[in-house]
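Work through the exercises below with the sequence and the model open beside you. Try each task on your own before you read its solution.

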Amino acid sequence: MRVSSTPLKALYDVPAPAKLNLFLHITGRRPDGYHEMQSVFMLIDWCDTLHFELRTDGKISRTDLKSAGQTHGETLPAEDLAVRAARALQAACGTPLGVHIGLEKNIPSQAGMGGGSSDAASCLLALQRLWGVRLPDKDLLAIALSLGADVPFFLSGSHAWVEGIGEKITPLALPSARFLVVKPPAGASTPDIFNAPGLKRDTKTATILGFAAYTESQVFKFGHNDLQPVAQKLCPQIGQSIDWLESLKLSGRMTGSGSAVFAQVHDDADFSNAPGGWTVRKCKNLESHPLAGW
């Protein structure tokens, strides 16, 4: 660890973007129980926002900033991934400084969009600036992976081909596109999905070259999501969301372990007839992570 600068007093409006999995293949299961996977993670412009204020007493605290986009009255746990990320970085750096985090939660939970993981990554990047410290990349990535399999991706700065359990990350360029993202009220348990006996765990290994060979108009249709059939049985609203997209002549697919689904759309897409209680949002993919270079 090295000191990079004088600590700041505050950082405001730090974004934490969501992701969509263009596909998600389970290619095997390791002896330790973790699943080997392949996926393309794509950053989109649906973001949480974090605010950081320096504390000199070493304490870490967090306020849940209720936003209009917060869904179904959900409240954040006392020890969410942002708080855990702050504690882990504080311990690794040995800094006597603390932080108060204000989290404006807009990305739905239990959606498969990586909201908590993105919050953790943005927290790690922002707190290095706030505290005036800098960890070597390998040490920061080790903290990220200890927090969750998706966190290293959000540190990478771009769309990516992701393999292993989430630690093998290869940056990718993707064409600009828009998507309709649908989050039904119900969620599905990620552990239940991965432990389901019916989960397909032997999808043939794909290659980046094979993915890159798809034309710009077809790249978003590559592969499939191995978790989707099991998730739909556990959460029927996932299938209902896909059926609704099909009624709009859109081809939907679940992201991550759900329950959000998405479809590529054109600018004139009309979703005014969305079922009540569902969160529906038109998004575009980003050119890069807003904090790339931090």
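**Exercise 1. Leu124 and the core around it**

Task: find which residues Leu124 touches, not counting residues up to four places away in sequence.

Solution. Begin with the contacts, where contact means heavy atoms within 4.5 Å: Leu124 touches Ala85, Leu89, Leu140, Ile143, Ala144, Leu147 and Leu155, with residues up to four places away in sequence left out. Next, place this residue in its core, remembering that a nonpolar core is a set of buried Ala, Val, Leu, Ile, Met, Phe, Trp, Tyr and Cys residues joined through side-chain atoms within 4.5 Å, and that buried means under 20% relative accessible area, exposed over 50% and partly exposed in between, with a 1.4 Å probe and protein chains only. The largest nonpolar core has 67 residues, of which Phe52, Leu89, Val99, Leu124 and Leu127 touch the most other members. The largest share of this core, nine residues, comes from helix H2 (residues 115–131). Apart from that core lies another, of 25 residues, among them Ile107, Leu174, Val181 and Phe211.

Before going on, note that this is a predicted model, in which local features need pLDDT of at least 70 and side-chain atom pairs count only at pLDDT 80 or more, while totals for chains, interfaces and linings use all residues. Residues are numbered from 1 along each chain as its sequence is written, and side-chain values use heavy atoms, with hydrogens and water left out.

**Exercise 2. The span of helix H2**

Task: work out what distance the 17 residues of H2 should span, and compare it with the distance between its end C-alpha atoms.

Solution. Helices (H or I, at least four residues) and strands (E, at least two) are DSSP runs, numbered from the N terminus. The expected span of a helix is 1.5 Å times one less than its number of residues, so the 17 residues of H2 should span 24 Å, which agrees with the 24 Å between its end C-alpha atoms. Then look at the surroundings of H2: 15 of its 17 residues are buried. Finally, step past its end to Gly132, which follows H2 and has a positive phi, near 70 degrees.

**Exercise 3. Two histidines in two strands**

Task: decide whether His25 is buried or exposed, and do likewise for His51.

Solution. His25 lies in strand S2, and it counts as buried because its relative accessibility is 5%. Its side chain reaches the backbone nitrogen of His224 at 3.1 Å, which is a polar contact (a pair of N or O atoms within 3.5 Å; within protein, one must be able to donate a hydrogen and the other to accept it, and residues adjacent in sequence count only if both atoms are side-chain atoms). His51 is in strand S3 (residues 35–55), and it counts as buried because its relative accessibility is 16%. A polar atom of the side chain of His51 lies 3.4 Å from the backbone nitrogen of Asp13.

**Exercise 4. An open sheet**

Task: in what order do the four strands of the open sheet lie, and which are the edge strands?

Solution. The order is S10-S11-S9-S12, with antiparallel pairing, where two strands pair if DSSP finds at least two bridges between them. The edge strands, each pairing on one side only, are S10 (253–254) and S12 (279–284). Two bridges join S10 to strand S11 (residues 261–265), and the partner of Met254 in S11 is Val261.
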